[in-house]
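Visitor: I am new to this structure, and I would like to learn how its inner spaces are read.

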Amino acid sequence: MKNQSAFLSRLGSGIGSFTKKNVPLMILIFLMILFSFMSENFLTSRNIITLIRQVSFTGISAVGLMFVMISGGIDLSIGSQIVFTNVLLAIMMVDWKIPPGLAIPLILVVGTGLGTINGFLCIKLKIHPLIITLGTSAIFKGFGYIINRSRNIMGFPDSFRWFGQGYIWGIPVPIIVMVVVALIGSFILTRTYFGRKIFALGGNEEAARLAGVNVNKMKVYLFMICGFISAITAVLLLSRVFAGQTITGQGTEFDCLTAALLGGVSFKGGEGTVFGLITGIIIIGVLNNAMQLASFPDFSQTVVKGSVLLIAVAFDVYQKNRKAKETVAKVAA
Amino acid sequence: MDAKIVLSLEKVTKKYPGVLALNNISIDFLEGEVHALLGENGAGKSTLIKAVAGAIDVDAGIIKINGQEYHEMTPSLSRSLGIEVIYQEFNLVPTLSCSENIMMGESVGSSIFFNSKLVDAKASEVLKQFAVAIDPKKLVQELSIAEQQIVEIAKAVSKNIKILIMDEPSAPLSVAEVEIMFDIIKQLKQKGVTIIYISHRLEEVFRISDRVSVMRDGCYVTTKNTKDTNRQELIKLMVGRELKESYPGRKNPPGDIALEVKNLTGNGDKNISFVVRKGEILGISGLVGAGRTELAMLLFGAEPIQKGEILLNGQPVIIKSPLDAIKYKIGLLTEDRKGQGLFLEMSIKWNISFPIAGRISKYGIVNTKKEDEIARKYKERINIKTPSLLQQVINLSGGNQQKVVLAKSLAAESDILIFDEPTRGIDVGAKQEIYQLMTDLADNGIAILMISSDMEELLGMSDRIIVLCEGKLAGEVKKDQFEQHYILDLASGTH
């Protein structure tokens, strides 16, 4: 009897600490239970797959953003990078008749190039990436509009359909790509020396420099990674929509940022896990999906999304303060 | 003594999760006395100050000020009673001028418009009390750390204070500047201000204080009249055991020249030349701003060298970045541990292994097994007190944090180590351990450069001392010439 109660209390405290460490996951589970009561269509495997596919594009880009964020930076130009690369890829395949097998690698190079521009501007101008990428965001998007010339570019080869619309073992390709990108991202962050340097940069840039990290080179590399990954998203989105439009991808950075903050990636840098990020992504997916099922008007959805971003920021700050308080307590003691 | 009791703590207790930071503390402070508060890191001194300043709520006990009992103290109440605290971290706004900082929170002249002339005039009146020339119009960020400290004191003094609490005020100051501060303290004392003085430097406590109270592990130990006690007794009271603050003897004499610097210029330093031998501890002395840390940064490649040559084992080398320095097996333990040395939110293991993570990686993947081994090895070798290597560094005491910095440099297997203020803000016990480690390193043939403002430590540890003054080499002092006044003369450029 006594053993049993001891076991139960241990189990209780175990669950308690697990819950405390995995707040985003708890929020997700809570939302899923809530919505499954509100709509019987919610918790069906078909709806769940649709839901995840909807956010998989954002999810892929968010991994790139996370790399930059952990290093203490930010990239607000993700959406515009997608706009530009998406339109350019459409032009390559339709206007220039470049086969997908060649056009896709080329557009990945272009995407990486956009990231390189961001990186170089950051280290040369020495201004916070928030401002730099806000500027390049307008520029990239502008060029997207210019080369698009208000057209709806269509007429891709049928083989290109697979990336955004195909399935592997019944699972949509974008979801598979998201999982692969997430796994590789997680491996790089947690197991490699490069990953260590990213955390070092976000944790304490000066200490990283004095520990022999080439800070500027790292910053450029991270923006390049972010650009590369955004180009992957652009490929998948173009294949999904199957028409080159400037609307595709706009505002992606908003959802990425919200997901990252919800998932515990710190705005200050030095902290974040891929698991948390993906949880954040799915929370956004669940909210989107539930609002659609409940046929919320579009404008109200925007209000909800903005609120979620602010709640996520508040949560980030709250976590920081709680940690700081605990630390102060420990140090003072 | 029948001086009036201005501040008295009665059975003050403060609990933090897991620890009793203040355990039933009762201390009286008298009017116009300098009352030193001693204790190792973690003894509860900082918590005590915060309780008096109202920065934290106490769980039990009474704070009595001028006979009036207060069960709850708030920052504004504490201030209105004339209590000011100068914390270790400055509370100045770097982008505002000295006078604006000094007069902050005071309404000067009109209540709507800011009268900068009047503010400047009032501030310079305050500054005039101190025998230093600081332009009140200068921005705080343009001041040296020592000048900032003076502004911080001026800010406190400008209010009508009864009690001034100073937490490690001498830590960032050079010897000459400490003297200025002592003068200020004496003036305040004459005005009847009570000063609570916290310092790890015992010689200061003996010079300046009237009484001294010792704390240990959150408990009050005792209060003594300073003139009735001595160094050994205080150390014993602080540590709770007999501990000699002494400098360990060396076994091996210095060997061949490890590092030679010729006419090094850059980062504010001009034409500096010296040599360090293997197994030698070379002390680097000088006032704050003399260019000591700047020299360390030059040698480590963190700042560009304009002119001059660096020779390692007789071979000229070019060091352009910290990465180059690390490649040439030079290690730097920075003065500012938290700002430049550590990744506070990361684990101990992560911090120790970070600089060598590249070396123990294959195809870029870190060998975590090796990482564990190395972290454990150095944790044991230098006795970092922690239940787990996964503990975040931010949760360690100052002494243990410094040990992590040391472990990091040792793991990198450096041949030349530059220590910048190795024992600043570290308690007596940990200091002793750091000295022993440095001595062991030297005995094993490592060349050590030690920058220090603690004269006693400099004289006790070094085999030779070079003195810098205003970015230039002012002189070199051999062991048989070691004498405090001689070095001070060189440092202040009067020789």
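The dialogue below is about cavities and their linings.

Guide: This is a predicted model, in which local features need pLDDT of at least 70, side-chain atom pairs count only at pLDDT 80 or more, and totals for chains, interfaces and linings use all residues. Residues are numbered from 1 along each chain as its sequence is written, chains are lettered from A and ligands numbered from 1 in the order in which they are written, and side-chain values use heavy atoms, with hydrogens and water left out.

Visitor: How many cavities of 30 Å³ or more does the structure hold?

Guide: Rolling a probe the size of a water molecule over the atoms shows where empty space is left. Here a cavity is a set of points, on a 1 Å grid over the protein atoms alone, where a 1.4 Å probe fits but cannot get out, and its lining residues have an atom within 4 Å of a point. Points are joined across faces, edges and corners, and a volume is the space filled by probe spheres set on them. By this reading there are seven cavities of 30 Å³ or more, and the largest has a volume of about 210 Å³.

Visitor: Which residues are closest to the centre of the largest cavity?

Guide: Of the 19 residues that line it, the closest to the centre are A:Leu210, B:Phe300, B:Leu332, B:Lys408 and B:Ser409.

Visitor: Where does the second largest cavity lie?

Guide: The second largest cavity, with about 110 Å³ of space, has B:His200 and B:Asp454 among its lining residues. Domain 1 (5-239) and domain 2 (257-491) of chain B both give residues to this lining, so the cavity lies between them; the domain bounds come from an automatic or database domain assignment.

Notes
1 Å grid on protein atoms, 1.4 Å probe; cavity = no way out; pocket = protein on both sides within 12 Å on 5 of 7 lines; lining within 4 Å.
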